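Thanks for asking me to look over this one with you. Here are my notes, in the order I would read them with the structure open on screen.

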Amino acid sequence: MAETDRTFFDYLVYVSENHSPLDFMLVADHIDKFFYGTLLTIEITLLALLIGGVMAIPLAIARAYRHRWWNGPIFGFTYFFRGTPLLVQTYLVYYGLAQFDFVRESFLWGPILSSPWWCALITFSLNTAAYTTEFLRGAIENTAKGEIEAARACGMSPARMMRRIVLPSAFRRALPAYSNEVIFMLHSSVVLSTITLQDILGVGRWLNGRYYLAYEGFITAMLFYMALVFIISRGFRIWEQHWLGHLRARTTVEG
Amino acid sequence: MDSVWEYRNLLLAGTAVTVQLALASLAFSVLLGLVGAAAKLAANPVSQKIAGAYTTLVRGVPDLVLMMLLFYGGQQIANDLGSMTGWWDYVEINQFIAGVWSIGFVFGAYMTETFRGAILAIPRGQIEAGIACGMTPFLIFRRITWPQMVRHALPSFTNNWLVLIKATALVSVIGLHDLVWNASTAGRSVREPFTFMFAVLIIYLILTACSDVGLRWLDRRYNVGVDRA
């Protein structure tokens, strides 16, 4: 190729391949795959948080009020899921269930239980439900006594008191812990790449395997995760300002 | 269940690797945590910035990503550097070292926050009293800061340790023959993956329950002088 034919793009590719410690043009060529991976990571994380969060509310209420029949089993559930690694839980569901003939012959096998996507979603949802249940229980138990007495004095039924008084203030108290849980869930979602799914890390591993690279894929994945965590923490900070505004120290005196 | 019993030695060997990995990572993370907390509490703005960047980085990146980066990338970087400078020959980062470094690195950041909070909980006057008595900084650390810091740090330390044990499972993904790796290999060979994975879950529960007992004992010991309601 004559020197004059070389475009700036060729030059970039040349520098990237030969002089840069990180072959950034190769990453740029496959950046769309990383965005698809991001979509999968976000999709499963959000769905699991949603399902797990909805499950956690009744479970936390039953735990907080020491329900006669449910408290024990729910504690068993949360203890089991919080005491063991998510990776092994996911393996148990995805690789383990195939051991049983009745599972493989059931109508759920084809569409759901043989698919890594569904297995991951089920496990992640149960996992986050267990963690959320426990800190939401703490928040419900810490409701100020006066608030409950006031609600009773106003003649609220238990259900209305729960809906109007206990849960709104418990959600507020649980919000900082919940932001940690969301980030924790995002971090845990790397387990997806171990059951053949192409999440962010999965794409990074694929890129490294395909081009026999040592770190390009992982560094790119790292940057993507950092961006997501940054967005999540920003979002929660805004949410906290909105919901916990009444607890903030007053900094300016308006006259 | 018979098959699990048959493979008990393999599972026990894996458990030993997992426990060693967890303890080594814990030691590394406590070291990093102490350095990090000292850096955050120091008056020097540069050390504060570095420690702040460290905790932000760890909060932003999943542990498995760091582990793979270290295991696959770290080896290449170390060897490129070695051949470029000629300071060292071929080095090999095995799975155990990659696991200890990355888990230690991640939990070092959490320990930094734990220790920072614990040191801040000690009344400033006590340290000043130590200085007034003519104690050296090391003596102040050993006699005043450390015993009280441990007490304040223990609840959060316990939490970090329980999360750390579970994080060790990830090292099986880069091929360390730990509990999870051994069990999934055995489970595949006898076609009973569920039974073996369930056994792994039970072993993890036993490990966390045992450490719970030990940490409660420590908690009592360091709280001897404290009046509790």
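1. Let me start with a convention for helix pairs: angles between axes under 35 degrees count as roughly parallel, over 145 as roughly antiparallel, 65 to 115 as roughly perpendicular, and the rest as oblique. Please also keep in mind that this is a predicted model.

2. With that in hand, take helix α3 of chain A and its partner α4(A), which covers residues 71–83. The two pack at an angle of about 120°, and their axes are 9 Å apart. An angle of about 120° falls outside the parallel, antiparallel and perpendicular ranges, and α3(A) and α4(A) are therefore oblique to each other. The crossing in which α3(A) passes α4(A) is left-handed.

3. Which residues of α3(A) and α4(A) meet? From α3(A) come A:L59, A:A62 and A:R63, and from α4(A) come A:N71, A:I74 and A:F75. Sorted by class, this contact has four nonpolar residues, one polar and one charged. When you look at the spacing of such residues, it helps to recall that an α-helix has 3.6 residues a turn, so residues three or four places apart point the same way.

4. While you are on α3(A), have a look at A:G53, which sits in this helix (residues 31–64). Is A:G53 buried or partly exposed? A:G53 counts as partly exposed because 18 C-beta neighbours lie inside 10 Å, and a residue needs 20 or more to be buried. A:G53 also has a partner from elsewhere in the chain: the C-alpha atom of A:T128, 75 residues away in sequence, is 7.4 Å from that of A:G53.

5. Now step back to chain A as a whole. Chain A has 12 helices and zero strands. Its radius of gyration is 24 Å, whereas a compact globule of 255 residues would have one near 18 Å. Along the principal axes, the C-alpha atoms fill a box of roughly 90 × 75 × 25 Å. Of the 255 residues, 33% are buried. Taking contacts between residues at least 6 apart in sequence, 72% join residues at least 24 apart.

6. Chain B is built from helices too, with nine of them and zero strands. Its C-alpha trace spans about 70 × 55 × 30 Å along the principal axes. Buried residues account for 39% of the 229 in chain B. Among its contacts between residues at least 6 apart in sequence, 76% join residues at least 24 apart.

7. Chain B offers a helix pair of its own to inspect: α3(B), residues 45–60, and α5(B), residues 95–120. Their axes lie 9 Å apart and they pack at an angle of about 120°, which means that α3(B) is oblique to α5(B). Here α3(B) passes α5(B) in a left-handed crossing. The residues that meet are B:A51, B:Y54, B:T55 and B:V58 from α3(B), with B:V106, B:A109, B:T112 and B:E113 from α5(B). By class they divide into five nonpolar, two polar and one charged.

8. How do the two chains meet? In this model 28 residues of chain A are in contact with 29 residues of chain B. On the chain A side, α5 (86–96), α10 (158–188), α11 (200–211) and α12 (216–243) each supply at least two residues. The most comes from α12(A), with eight residues. What is the class make-up of the side of chain A that touches chain B? This side has 21 nonpolar and seven polar residues, and no charged ones.

9. My last stop is helix α8 of chain B, residues 179–189. Eight of its 11 residues are buried, so α8(B) is largely enclosed by the rest of the structure. Among the buried residues are B:L179, B:W181, B:N182 and B:A186. Their cover includes α2 (8–41) and α9 (193–222) of chain B, together with α5 of chain A. That makes α8(B) a good place to see both chains in one view. Just after α8(B), B:R191 takes a positive phi of about 55°.

How values were computed
Residues numbered from 1 in each chain as written. Chains lettered and ligands numbered in written order. Predicted model: local features only at pLDDT ≥ 70, side-chain atom pairs only at ≥ 80, totals over all residues. Helix = DSSP H or I, 4+ residues; strand = E, 2+ residues; numbered from the N terminus. Buried ≥ 20, exposed ≤ 12 C-beta atoms within 10 Å, placed from the backbone. Contact = placed C-beta atoms within 7 Å. Nonpolar A, V, L, I, M, F, W, Y, C, P; charged D, E, K, R; others polar. Axes fitted to C-alpha atoms, helices over the stretch in contact; angles between N-to-C directions. Left-handed = near helix turned anticlockwise from the far one by under 90°. Rg over C-alpha atoms; globule rule 2.2 N^0.38 Å.
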